[in-house]
Every structure is written in structure tokens, then in C-alpha cells.
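The following report concerns how two protein chains are arranged relative to each other and what their interface consists of.

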Protein chains: 2
Amino acid sequence: MRISGLAERTGVPVATVKYYLREGLLNPGVQTSATQARYDESHVARLRLVKALQDVGRLSISAIKQVIDCLEPGDVFAGLGAVQHQLPPAVPEDVDTTEADKLVGTLGWRVVPGSTAMRQLAVAMRAAEDVGLPLTPDGLATYADAAYRVAEREIAGMPQDSLASAITYAVVGTVLYEPILLALRRLAHQDVSGRLLAEWA
Amino acid sequence: MRISGLAERTGVPVATVKYYLREGLLNPGVQTSATQARYDESHVARLRLVKALQDVGRLSISAIKQVIDCLEPGDVFAGLGAVQHQLPPAVPEDVDTTEADKLVGTLGWRVVPGSTAMRQLAVAMRAAEDVGLPLTPDGLATYADAAYRVAEREIAGMPQDSLASAITYAVVGTVLYEPILLALRRLAHQDVSGRLLAEWA
């Protein structure tokens, strides 16, 4: 298809598609004349990924570029780690993770020391503590148990046909399913508090 | 304590405290002279809440103001709803929630139709579908089950001594515990994928 067809299929304006091409977020199509190129399904898939990372993941263009760069063949584990590192929220490099490391250590999980996720946890734990609602071992057990159930199912569904599809799945799953989990938590709050109020009435 | 003591206790610079006072995020202290006022523990608590909403919740000043306004006495349910509505991420008002309503309906939860959380779910579901990873009924069951366990425990811990403390708990819990849940999910991904890779090796 031409660039106009690509725009139509994905809902991304032609000018934006051209911008993505210039920024290297989208591979060039096959040149058919001096001013035209042909695009295929791989371009449609890539554009949808970029759009999703931008709209739902709220990633900056440079963060998307770094995620996209991880999609090229390489070491799976390094690729997944790099991707997880690029995803928001951004956390400072110099966060002290001693407390978080210790708490997660009680779960027996094998995790990457000082990873973005661990620093993210440390920052959130400190903030919760600062406002007088610290994460207790009991609370941790509840959140960790829920998180682990979700993670197990998600990893079980990861496609293994190619590194690119595994990483795409990981990126999309991490970024696009975070709001799904959070929205369901808020809806569950509505149901649970509604039931409680009904009991009290 | 004086404004300098307040700044010292909370780590918020004096200039920022003055800004919050002007914006009405912090109640005025008791005036002790033309240029000085005395502040107490309620100001420390409020400042920590504002700081947490800003640093971790990433709320704008105007969103924080609207959340703070909900802390004044009123109807609990309306207050909680208003708070949930103010919290990020912002979602458009005109999102079609038909699909999301239907899916959540299968769970038997009593939720507020068209609420922010439902629109948030609808947007995320559409994005996941657009990139070829739609939320299936089976997937929904996993996320909903995890979300419900978390929500039940959270609501059970809500203080019932005053509306202000209940809402503070709800705001802090929603905003500050979201990153904890998400960070633990990513750490669980590390553990689960590590175990899988070890099995394959």
C-alpha cells in the first residue's frame, strides 16, 4: 500500500507517518519511484505499536525510539530488561533500594538488583511511608500475590516464535495492560465500598 | 511551629509552602504577628499529602486543589467519587464504554456507569485490541480477580473515624499504591521469566 493507505489503515495522519519515518520509528518502505514507496503489514503493525506506546503508554518519541531499537534481534533477556527500563514512569538512578530489596527478598523472588522496577518500588514505598501509610509485610503479601498471579499468566501467554514478537508482547503487555489492571482495581473499589455502604445502611 | 519549621519537617522549601498557601492547598496558620504565623501537625500532614500527590501521583496543582476541596466534610460517596475522578490518568468524557460495561457486567460488580475508571478501562481495552492483544474474557478473569483481592484488603483498612481521613486514605491509597502494585508486577515478571529461562536452559 502507499503511505496514504497506511495512514488510512492506522488512523495516523500522513504527516505523522512521515515524521516517524524521519525519526526512524518506522522502517522505510520499498521505493517504487522517486517520490513513492510501498508499505506492507509490518508497517501497519509497527505504526500501531508506536501509536499505542504514545497514546496509552504516554512515552516520549525518544523513549519509543529506544524501545523500538530493542526490537531488533539480540539477547532476549537483555532486550526485555532494556525495554522494562525504557518504560515509564522514569525514576532517578540514585534511589536507595535497601528497604525495597529487603522486603522483596522476603518473597523469595529472583529479581535484578537495582532495576528500574525495584527503584520504582523504593520511591513509591518511601512516598507511602511519608504520608503515614507505609507498606507493611502483610500489605506486601497481598500486592505481591496479586501481582504474581497476573505476571504468571502474562508470561505464559508470551509468543516464542521470534524475539521481536516476544518483546512486542512484553512492551505492549506492560504498558497497555497496566491501565487495565488499575482501572479494574478502581472499579473493584466501587463494588467493595458499595457493598460495605449497603451493609451499614 | 513557624513556616521555616514546617519546611524543615516536610522537606518542602519555604517559597513552595508560601505558594501552596496562596493557592489554597494549605490552610493559613494562626497569625502571631503581622508577618508571622504558627502552624501545627495538621499543616505537616496536609503538606505531606500535597507533596505525595505531586511527586508520586504527578497531579497538577489544579487537580490537587480539586482533590483537597473534596477533603472538606460532605457526602462520603460523592467525595470518594469526586476524588477518583480527579486522579490521573485523564480520560476523555466522550469515550464509548459499551464493550467495557458489558465485560465488567459479566463479573457481577456493581459499578458506576460511565465513571472515570470505566472510561479508563475502555480506552485501554481499545488500545490493546488495536495492537492485536485484546482483553479476552479469560484474561479479564485473571486481572479482575487480582484487582478484587487488592481492593478488598484496601477498603477493609480504610479508617472510619472521619470523612477527611477516609478520603485521604482513598486518595493516597489509589495514587501511591498504584506504582507499588505495578512495580511488583514488573518484579514478578523478572522472577517468572527467569524461572522459565532456567527451565529452558
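In this predicted model, A146(B) is the residue of chain B that comes closest to the rotation axis, its C-alpha lying at 2.3 Å. Chain B is superposed on chain A by a rotation of 180° with 0.0 Å of shift along that axis, at an RMSD of 0.0 Å, the fit being made by least squares on the C-alpha atoms of residues with pLDDT of at least 70 in both copies. The two copies are therefore related as by a two-fold rotation axis, and the same surface serves both, since 99% of the contact residues of chain B recur in chain A.

Residues are numbered from 1 along each chain as its sequence is written, and chains are lettered from A in the order in which they are written. Local features need pLDDT of at least 70 and side-chain atom pairs pLDDT 80 or more, while totals for chains, interfaces and linings use all residues, and side-chain values use heavy atoms, without hydrogens and water.

| Quantity between chain B and chain A | Value |
|---|---|
| Residues in contact (heavy atoms within 4.5 Å) | 78 residues of chain B, 77 residues of chain A |
| Buried area (accessible area lost, 1.4 Å probe, summed over both) | about 7600 Å² |
| Salt bridges (Lys or Arg side-chain nitrogen within 4 Å of an Asp or Glu carboxyl oxygen) | six salt bridges |

Of the buried area, 67% is on carbon and sulfur atoms; in chain B, Y143(B), R185(B) and R186(B) lose the most area to chain A, together 11% of what that side buries. R185(B) also meets E154(A) in a salt bridge between their side chains, at 2.9 Å from N to O.

How values were computed: Buried area = accessible area lost by both parts, 1.4 Å probe.
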